[in-house]
Amino acid sequence: MLHLLVSDNQIIKYVVSISYTMASGQLFSRTTQALFYNYKQLPIQRMLDFDFLCGRETPSVAGIINPGSEGFQKLFFGQEEIAVPVHSAIEAACAAHPTADVFINFASFRSAAASSMAALKQPTIRVVAIIAEGVPESDTKQLIAFARANNKVVIGPATVGGIQAGAFRIGDTAGTIDNIIECKLYRPGSVGFVSKSGGMSNEMYNTIARVTDGIYEGIAIGGDVFPGSTLSDHVLRFNNIPQIKMMVVLGELGGRDEYSLVEALKQGKINKPVVAWVSGTCARLFKSEVQFGHAGAKSGGEMESAQAKNQALRDAGAVVPTSYEAFEAVIKETFEKLVEDGQICPVKEVKPPQIPEDLNTAIKSGKVRAPTHIISTISDDRGEEPCYAGVPMSSIIEQGLGVGDVISLLWFKRSLPHYCTKFIEICIMLCADHGPCVSGAHNTIVTARAGKDLVSCLVSGLLTIGPRFGGAIDDAARYFKDAYDRGLTPYEFVESMKKKGIRVPGIGHRIKRGDNRDKRVELLQLFARTNFPSVKYMEYAVQVETYTLSKANNLVLNVDGAIGSLFLDLLAGSGMFTKPEIDEIVGIGYLNGLFVLARSIGLIGHTFDQKRLKQPLYRHPWEDVLYTK
């Protein structure tokens, strides 16, 4: 590494310490594999697409490191879907993939230094690329010092990475696949390129491809004040790669990195043509000092100006154009001279394979159509906020709507009148629980005392809901509606059910009697008579009850029958449902859903109650069992 100590006006001293690793040759090959830190789907997929484009046999991403996660991540390698291992720690990933010697760090600037240092300390890691910008300078200096002492290479911080044409790509280097193909990066050329800027690298790859046979390797060292490697590091390395016949360098104002390249040229350490330009000549047009895009792109004096650097490079023997606009022309001229001299035999062009297009991309572009797998009409979470039946969440809150309104939107796909949503809420409150002795609560209590989790306890109780416990609401509504609509008298209805051997759903109770009515039924009937425009189905159910009570005192209208008949009145009386819609609602099981929703509240309560009381495992007493043969 060449370190240049200067004053504002003159060069004082060069301190030369060339890293043997950096000067030894190329960093990557067609078999190079990397570990990718902090999972990002797009740059990893772009690396794998580049691999396929280049005809690599193995993917360049050996594993992913995502702190706190383990398993596999599905990605595409050409047409084939592959599972890339995911590790939670750097050490584990390096141990699992000992041939992966490149560490691509997509961590934020806050954690990039720590994770990069951890990677550098692994014996299998040879190159670390740090994508984040804004890494604290003191941390970067420690990384650089450790890397130099251990013959390792740091690219970045604040870099897009690098690429070896036809072999290996770091993350998003060179942009889209279309740009990769346009720049002929799917096969190696004869030019080595290094720049501080990742964005300008993409531009230069295109420029170089237009006037030469393309690049062999390109590196963006990063735009921070202290990059892990310098322009001269890579030019010296390019000089030792036989396939590279010329080098193109794009520097920028600020810092003094370019002077290490000047010194290497003067000392004769570089024997291949170097075409260079330092951008930022426009800075002199400003009266005050200007900070350009990169942290390091800020002139600290005449020596750091683009003009001074360009002149120094020109004096040292580099080919330096008169302006950036002339950069392409001098690159072309240098390349053509090497061809004429027989030093370059232009690469024979090959046709790259077609990258399979992602389904989502193809759909958006209108190239294909694909069937969906799920249809949803009740909610939509694709916008800025979720919508229930087209009503934004914020609107629901701002209007002060309640649980009944949400149920009306999600279940019935319309905003029902207030008396309807209030009735729904009353049903939920009245059916939330009916004590610990009913079958659902009993099952939940036994399960909770067995130490099971909340969901298991809830489900064990819900599974008892059916024709004999809480699940008769739909049947009650169905039979009452059919009998009323056909004009059957209560006598005809009950007796026809008896002949069929079917108990009348919604009629009968184990405890309640004609002289001890269910208070819940009375409350529901009172609300309906006060608020519903019509209660014809409920009145019919009451008439049926009158007839059944003449047969037995426990054949009262129970809460299932009350809710079932009143829901028919709600649906028919609101004027918001057609007859086919009402039949469908009853047939699908909407009304039983109301009981399931309500009773879940109580079952969850019983679960918490047993756990709070720390009740032991339940064992039914044998005295309560009739043992018989």
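Which residue follows H5, and what is the sign of its phi? That would be Asn151, with a positive phi near 55 degrees. The views below all come from a predicted model.

**View 1. Helix H5 and its buried face.**
Helix H5 takes in residues 137–149. With 13 residues at 1.5 Å a residue, the helix should span 18 Å, and its end C-alpha atoms are indeed 18 Å apart, so expectation and model agree. Thr140, Leu143, Ile144 and Ala147 are the buried residues of H5. Look down the helix axis and these buried residues fall within an arc of 100 degrees, which means they line one face of H5. The spacing fits a simple rule: an α-helix has 3.6 residues a turn, so residues three or four places apart point the same way. The cover over the buried residues of H5 includes helix H4 (112–120), along with strands E8 (127–130) and E9 (153–155).

**View 2. A cis peptide bond between Gly156 and Pro157.**
The peptide bond joining Gly156 and Pro157 is cis, with omega at about 0 degrees. Pro157 sits in the loop between E9 and strand E10 (161–164). For context, most peptide bonds are trans.

**View 3. Lys184, a non-glycine residue with positive phi.**
Most residues other than glycine have a negative phi. Lys184 goes the other way, with phi near 60 degrees. You'll find Lys184 in the loop between helix H6 (177–182) and strand E12 (191–195). Its relative accessibility is 23%, so Lys184 counts as partly exposed.

**View 4. Ala389 in the loop between two strands.**
Ala389 is another residue other than glycine with a positive phi, here near 50 degrees. Its loop runs between strand E17 (387–388) and strand E18 (391–392). Ala389 is partly exposed, at a relative accessible area of 27%. What does Ala389 contact, leaving aside its neighbours within four places in sequence? The answer is Ile378, Ser379, Leu409 and Lys413. As for Ser115, that residue is 274 residues away from Ala389 in sequence and 47 Å away in space, C-alpha to C-alpha.

**View 5. Phe412 and Phe577, an edge-to-face pair.**
The structure holds 19 aromatic pairs. In the pair shown here, the ring centres of Phe412 and Phe577 are 5.8 Å apart and the planes meet at 75 degrees; planes over 60 degrees apart count as edge-to-face, so this pair is edge-to-face. The two partners come from distant parts of the chain, 165 residues apart. Phe412 belongs to helix H14 (residues 403–412), while Phe577 sits in the loop between helix H22 (559–573) and helix H23 (579–588). Both rings belong to buried residues: Phe412 has 4% relative accessibility, and Phe577 has 9%.

**View 6. Phe423 and Phe527, a stacked pair.**
Here the ring centres are 6.4 Å apart and the planes lie at 25 degrees, so Phe423 and Phe527 are stacked. Phe423 is in helix H15 (residues 418–431) and Phe527 in helix H20 (residues 519–531), so the pair ties together parts 104 residues apart in sequence. Phe423 and Phe527 are both buried. Zoom out a little and one aromatic cluster appears: Phe412, Tyr419, Phe423, Phe527, Phe532, Phe567, Phe577 and Tyr590.

**View 7. Cysteines without disulfides.**
How many disulfides does the structure hold? The count is 0. For Cys420, the nearest cysteine sulfur is that of Cys427, 11 Å away. Cys420 is buried, with a relative accessible area of 0%. Cys427 also supplies the closest cysteine sulfur to Cys431, at 6.1 Å, which is too far for a bond. Cys431 counts as buried too, at 2% relative accessibility.

**View 8. Ser600 in helix H24.**
Ser600 is part of helix H24 (residues 590–612). At 13% relative accessibility, Ser600 is counted as buried. A polar atom of its side chain lies 2.7 Å from the backbone oxygen of Val596. Setting aside neighbours within four places in sequence, Ser600 is in contact with Leu458 and Leu462.

Key. Residues are numbered from 1 along each chain as its sequence is written. This is a predicted model: local features need pLDDT of at least 70, side-chain atom pairs count only at pLDDT 80 or more; totals for chains, interfaces and linings use all residues. Side-chain values use heavy atoms; hydrogens and water are left out. Rings of Phe, Tyr and Trp (its six-membered ring) pair if their centres lie within 6.5 Å; planes under 30 degrees apart count as stacked, over 60 as edge-to-face and the rest as tilted. Helices (H or I, at least four residues) and strands (E, at least two) are DSSP runs, numbered from the N terminus. Buried means under 20% relative accessible area, exposed over 50%, partly exposed in between (1.4 Å probe, protein chains only). The expected span of a helix is 1.5 Å times one less than its number of residues. The arc is that of the directions from the helix axis to the C-beta atoms. Contact means heavy atoms within 4.5 Å. A disulfide is a pair of cysteine sulfur atoms within 2.5 Å. A polar contact is a pair of N or O atoms within 3.5 Å; within protein, one must be able to donate a hydrogen and the other to accept it, and residues adjacent in sequence count only if both atoms are side-chain atoms.
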